[in-house]
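Reader: I would like a close look at one part of this protein. Please start at the ligand site, then show me what the rest is built from.

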Amino acid sequence: MDNKTIYALSTVLGKSGVAVIRISGINALEVVRRMTSLIKTKFKTRYAYFVDLKDISGKQTLDKCLLLYFKAPNSFTGEDIVELHTHGSRAVISTVLDNLSRIPDFRMAEPGEFSKRAFYNNKMDLTEAEGMADLIDAETEAQRKYALRQMEGNLKNLYETWREQLVTLLAHLEAYIDFPDEEIPENVVDNINNTVFKLRESIEKHLSADNIGERLREGFRVVIVGKPNAGKSSLLNAIAKRDVVIVSDIAGTTRDAVDIHLDLNGYPVIVTDTAGIRETEEAIEKQGVEIAYQKINSADLLLCLFDASQDSVQVFENIKKTFKNKILYIANKCDTLSSEQCSILAANGNIVISAKHQQGIEVLLDAIGQIIQDKFTVNSNLLITRTRYREALSNALSSLRLFNLDKEIELSAEDIRLAAREIGKITGRIEVDEILDKIFGSFCIGK
Ligand code: GDP
């Protein structure tokens, strides 16, 4: 990272009332000196000034805008920041950016660079930075809430507490490594073992939350399965027609799988229609069936749909065992049945619908929403929102499981050191340059 002053448009490029251009770095005040008539010395931090923004030759006014100054270290990046709130036209934005590029030691920011500088200046750890990225990406209410919590440091506090405990343990062990003739007193051994045991338990519990955090970011996967002609596509269409809940839709090829994205009670849900599952020799259909199996295996919930005029739940006998807690049975084509038959099906725990005639869809969506909500209520507020956290925590846990004071103390210390390092990777409290570029590279410019 160089120490140039960086700038970028922080709002979306297009036509809008206001656009925010952010400038951060040791020379940020050069903007005030070169592009406004405000006198640098009389100029105060955290005040908004209405200015004529000039080009850098001072000849022409580019726009009338608001200018704010945040003096280091009390700014988002921890550096001097100047914000220009200009009018949001492409022409204004482009000429302002062009003029900024001509100021010596100024350059356009790379994606995520403002946040990266904030991280380097200890304004936030990596989980908080990623929480902020999630907040910007949030499309549903639950996503917004959890992202905000993460941005406010709930995961950072948890992981830092664990890491600090490990570092303290390590310091104890190192002391005994330095004095090999000293026997570790029994009460110290008990204490160390106890701490490691409790940490292992806490990490195991945290890891056991069923990928809920990742799903919150990416969407809960609900997959419709059933024999050909059970009415799967009709059901997907029936759900899609309720445009109140639709966020967007993405279509695959008809033979593989079609997804629709919903917002159910604030939770993001992806409903997938699969090719009918049956024995087939036809090449393309075979591929479709294979894709269906992949989707089924990664599903959080299976909607097992059957044509109630012909079949029963028996058709799902082969998948029942593997997915038993993840299945909702849905009896379709209730319009062809007597009301008595429908009542019996419902009494046996099936959700009774007619996809074609849009009956029972509301009840079905409520049932799906409830299942997802229950998963959240059961799990704590501290969700693992990224695979990289899960991997690091699993690695830390493996090291802690190897820990045993009966072996050589150097080896025991190494187990603790590795566990601490893995947890440090999550928050960024160790040298993690190699993962930083990966994380911030996925941010958009101006963030
Ligand atoms: P898929 O192969 O499982 O995707 O099934 P489709 O959605 O293509 O439906 C197969 C056939 O069943 C079509 O002729 C649909 O019109 C019909 N169908 C689907 N749902 C219903 C329903 O609720 N009632 C009736 N009577 N027919 C339905």
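Which of the 15 residues around the ligand come nearest?

Author: Keep in mind that this is a predicted model. Five residues come nearest to the ligand: Asn229, Lys232, Ser234, Asp335 and Ser354. They belong to a set of 15 residues around the ligand.

Look at the make-up of that shell. Polar residues number 7, charged residues 5 and nonpolar residues 3. One element gives the largest share of the shell: helix 9, residues 232–241, which supplies 3 residues.

Now turn to the protein backbone. Gly231 has a polar backbone atom 2.9 Å from an oxygen atom of the ligand. Ala230 also brings a polar backbone atom to a ligand oxygen, here at 3.2 Å. Ala355 does this too: a backbone N or O atom of Ala355 is 3.1 Å from an oxygen atom of the ligand. How much of the ligand ends up covered? On its own, the ligand has 580 Å² of accessible area, and the protein covers 73% of that.

Next, step back to the whole protein. The chain has 447 residues, and 48% of them are buried. Its secondary structure comes to 16 helices and 13 strands. The accessible surface is about 22,900 Å², with 49% of that belonging to carbon and sulfur atoms. Contacts often link distant parts of the sequence. Take the contacts with a separation of 6 or more: residues 24 or more positions apart account for 64% of them.

One pair shows such a link in space. Ile212 and Ile384 are 172 residues apart in sequence, yet their C-alpha atoms are 7.4 Å apart. Ile212 is found in helix 8, residues 212–218. Ile212 counts as buried because its relative accessible area is 1%, and the cut-off is under 20%.

Strand 7 covers residues 220–225. Is strand 7 enclosed or open? Of its 6 residues, 5 are buried, so strand 7 is largely enclosed by the rest of the structure. Two strands pair with strand 7. Strand 10, residues 267–274, runs parallel to strand 7 and is joined to it by 5 bridges. Within that pairing, Val223 stands opposite Thr272. Strand 11, residues 301–307, also runs parallel to strand 7, with 4 bridges between them. There, Ile224 has Leu303 as its bridge partner.

Now go to the start of the chain. Strand 1 spans residues 5–9, and 5 of its 5 residues are buried, so strand 1 too is largely enclosed by the rest of the structure. To read its two sides, use a simple rule. In a regular strand, side chains alternate between the two faces of the sheet. In strand 1, Thr5, Tyr7 and Leu9 are on one side, while Ile6 and Ala8 are on the other. These residues are all buried, and both faces of the strand are covered.

Strand 1 has paired neighbours as well. Strand 2, residues 16–24, runs antiparallel to strand 1, and 4 bridges join them. A hairpin of 6 residues leads from strand 1 to strand 2. Tyr7 faces Ile23 across this pairing. Strand 6, residues 106–108, pairs with strand 1 in the parallel sense over 3 bridges. Here the bridge partner of Tyr7 is Met108. Tyr7 therefore has a partner in strand 2 and a partner in strand 6, and it sits in a strand whose residues are buried, 5 of 5.

Last comes helix 3. Why call it enclosed? Of its 8 residues, 7 are buried, so the rest of the structure largely encloses helix 3. The buried ones are Glu113, Phe114, Ser115, Lys116, Arg117, Ala118 and Phe119. After the helix comes Asn122, with a positive phi near 60 degrees.

Focus on one residue of that helix. Arg117 lies in helix 3, residues 113–120. Arg117 is buried because its relative accessible area is 1%, and buried means under 20%. What does Arg117 touch? Leaving out residues up to four places away in sequence, its contacts are Met1, Asp2, Lys4, Ile6, Ser24, Gly25, Thr77, Glu79 and Arg107. Two of these names lead back to the strands just seen: Ile6 is in the buried face pattern of strand 1, and Ser24 falls within residues 16–24 of strand 2. One contact has a polar detail. The side chain of Arg117 reaches the backbone oxygen of Asp2 at 3.5 Å.

Key
Residues are numbered from 1 along each chain as its sequence is written. This is a predicted model: local features need pLDDT of at least 70, side-chain atom pairs count only at pLDDT 80 or more; totals for chains, interfaces and linings use all residues. Side-chain values use heavy atoms; hydrogens and water are left out. A residue is near a molecule or strand if one of its heavy atoms lies within 4 Å of it. A polar contact is a pair of N or O atoms within 3.5 Å; within protein, one must be able to donate a hydrogen and the other to accept it, and residues adjacent in sequence count only if both atoms are side-chain atoms. Accessible areas come from the Shrake-Rupley method with a 1.4 Å probe; for residues, only the protein chains shown count as cover. Ala, Val, Leu, Ile, Met, Phe, Trp, Tyr, Cys and Pro count as nonpolar, Asp, Glu, Lys and Arg as charged, and the others, Gly among them, as polar. Buried means under 20% relative accessible area, exposed over 50%, partly exposed in between (1.4 Å probe, protein chains only). Contact means heavy atoms within 4.5 Å. Two strands pair if DSSP finds at least two bridges between them.
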